[in-house]
Amino acid sequence: MTRAELHELGYIVPIATVPSILQRGILSHRRAEKIVHQSIALQNIQDRRAEKTVPNGRALHEYANLYICPRNPMLLKKSDIHEQICVLQVSVDVLDIRNAIVSDSNAASKYVRFRPAPAGLAIVDRGRTFAEWWTHDDQIEQWRHSAQKCAEVLVPDVVPAPYVIGAYVSCDDSRQRLDHLAPNLSITVDPNLFFQRGAA
C-alpha cells in the first residue's frame, strides 16, 4: 500500500466520548485510563495488547491506535450498538508524527509486522485490508485475513484533536446525537460501514 492510496484513518468510539476527544485528542489506552470515559474495547483483546511491546518501540498500550480500514471485525462485533458509536475520520498526516508505527494486521496478533511510518505502509496488503469480507473456507486463512483487516497506525501517547477531520455514523438518529455534542464536526451517514441492512 502507498500513502497516495490511503485517504483517511478510522477510530471507533462511543458518540458520548467525542466531545472529550475533540478537547484532549485520541489518547493511548494508558493515558485514557487516567480519565473517566466510556469504552467499547473488548477486554480479551485488551488483555493481549497489555502484554505486547512494539519492537524497538514502547508498550502497545502507550500508543493511540487507528485503523487503516475501520470496516473490520472489531466494528462488526459492535454492530448491535451501532446507534451509540461512530468512526472518527483521522487525517493521514498522523503518519508524519514522530515515532508513529504501521502494523500490517491487528497489533496484538501473533504474526504481526511493524514498520516506522510513513514508509511502513508498504507492508500493508491493501487488497486484503480493504476487502469487503474476510471469510474463507480455510479457518487459518480466515484468521489471517481477519487480522489483516485490522491493520493499524500507532501514534505515541496521543493523536492531537486537530487531526480529527470528521465522523461516520450509521443512521440519522446517530447523526443528530453526534451533531448535538459536536456541532462543528463534519458528519457522514454511512450504514454500510457499520454492517447495517438496507445500506447503499
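# Notebook: helix 6, the cores, a pocket and some backbone oddities

I began with H145 and found it in helix 6, residues 139-149. The model I am reading is a predicted one.

**Entry 1. H145**

Is H145 buried or exposed? I noted a relative accessible area of 4% for H145, so it is buried, the cut-off being under 20%. I then looked for its side-chain partner and found H136, with a polar contact of 2.8 Å between the two side chains. Setting aside residues up to four places away in sequence, I listed R128, A131, W133, W134 and H136 as the residues that H145 touches. H136 therefore appears twice in my notes on H145, once for the polar contact and once in the list of touching residues.

**Entry 2. The rest of helix 6**

Which residues of helix 6 are buried? I wrote down H145, A147, Q148 and K149. I checked what these buried residues pack against, and the answer was helix 4 (73-77) and helix 5. At the start of helix 6 I looked at D138, where a side-chain oxygen comes to within 2.9 Å of the backbone nitrogen of I140.

**Entry 3. S105**

I looked up S105 next and placed it in the loop between strand 5 and strand 6 (114-116). Its relative accessible area is 6%, so I entered S105 as buried. The side chain of S105 has a polar contact of 3.2 Å with the side chain of D104. What does S105 contact, once neighbours within four places in sequence are left aside? I recorded V112, A147, Q148, C150, A151 and E152. Two of these, A147 and Q148, are also among the buried residues of helix 6.

**Entry 4. I101 and the cis bond**

I101 sits in strand 5, which I have as residues 101-103. I read 11% relative accessible area for I101, so this residue is buried too. Beyond its neighbours within four places in sequence, I101 is in contact with V54, Y63, F114, R115, P116, A117, E152, V153 and L154. E152 is also in the contact list of S105.

I then took the distance from I101 to P118, which are 17 residues apart along the chain, and noted 7.7 Å between their C-alpha atoms. P118 belongs to the loop between strand 6 and helix 5 (126-129). What kind of peptide bond joins A117 and P118? I found a cis bond, with omega about 0°. A117 is one of the contacts of I101.

**Entry 5. Positive phi**

I looked at two residues other than glycine with positive phi. N56 has phi near 60°, and D157 has phi of about 70°. N56 is in the loop between helix 3 (43-50) and strand 3. D157 is in the loop between strand 7 and strand 8 (158-159). Are they buried or exposed? N56 is at 87% relative accessibility, so I marked it exposed. D157 has a relative accessible area of 18%, so I marked it buried, under the 20% cut-off.

**Entry 6. The cores**

I counted 36 residues in the largest nonpolar core, and I26, L66, I68, L88, V94 and L178 have the most contacts inside it. Which elements supply at least two residues each? My list is strand 1 (9-14), helix 1 (18-24), strand 3 (63-67), strand 4 (85-90), strand 7 (152-156) and strand 9 (164-169). Apart from this core I found another, of 12 residues, including I12, Y67, M74 and F195.

I followed I26 further. Leaving aside neighbours within four places in sequence, I26 is in contact with Y11, I21, A64, L66, V90, D157, V158, V159 and V164. D157, the residue with positive phi from the previous entry, is thus among the contacts of I26.

**Entry 7. The second largest pocket**

I looked up the second largest pocket and noted a volume of about 320 Å³. It is lined by 22 residues, of which E8, C69, P70, F130 and L193 are the closest to its centre. Strand 1 and strand 4 each supply at least two lining residues. Which strand gives the most? I entered strand 4, with 3 residues. By type, I divided the lining into 11 nonpolar, 4 polar and 7 charged residues.

Note on methods
Residues numbered from 1 in each chain as written. Predicted model: local features only at pLDDT ≥ 70, side-chain atom pairs only at ≥ 80, totals over all residues. Heavy atoms only, no water. Core = buried A, V, L, I, M, F, W, Y, C linked by side-chain atoms within 4.5 Å. Buried < 20%, exposed > 50% of the residue type's maximum accessible area, 1.4 Å probe, protein only. Helix = DSSP H or I, 4+ residues; strand = E, 2+ residues; numbered from the N terminus. Contact = heavy atoms within 4.5 Å. Polar contact = N/O pair within 3.5 Å; in protein donor to acceptor, adjacent residues only side chain to side chain. 1 Å grid on protein atoms, 1.4 Å probe; cavity = no way out; pocket = protein on both sides within 12 Å on 5 of 7 lines; lining within 4 Å. Points joined across faces, edges and corners; volume = space filled by probe spheres on them. Nonpolar A, V, L, I, M, F, W, Y, C, P; charged D, E, K, R; others polar.
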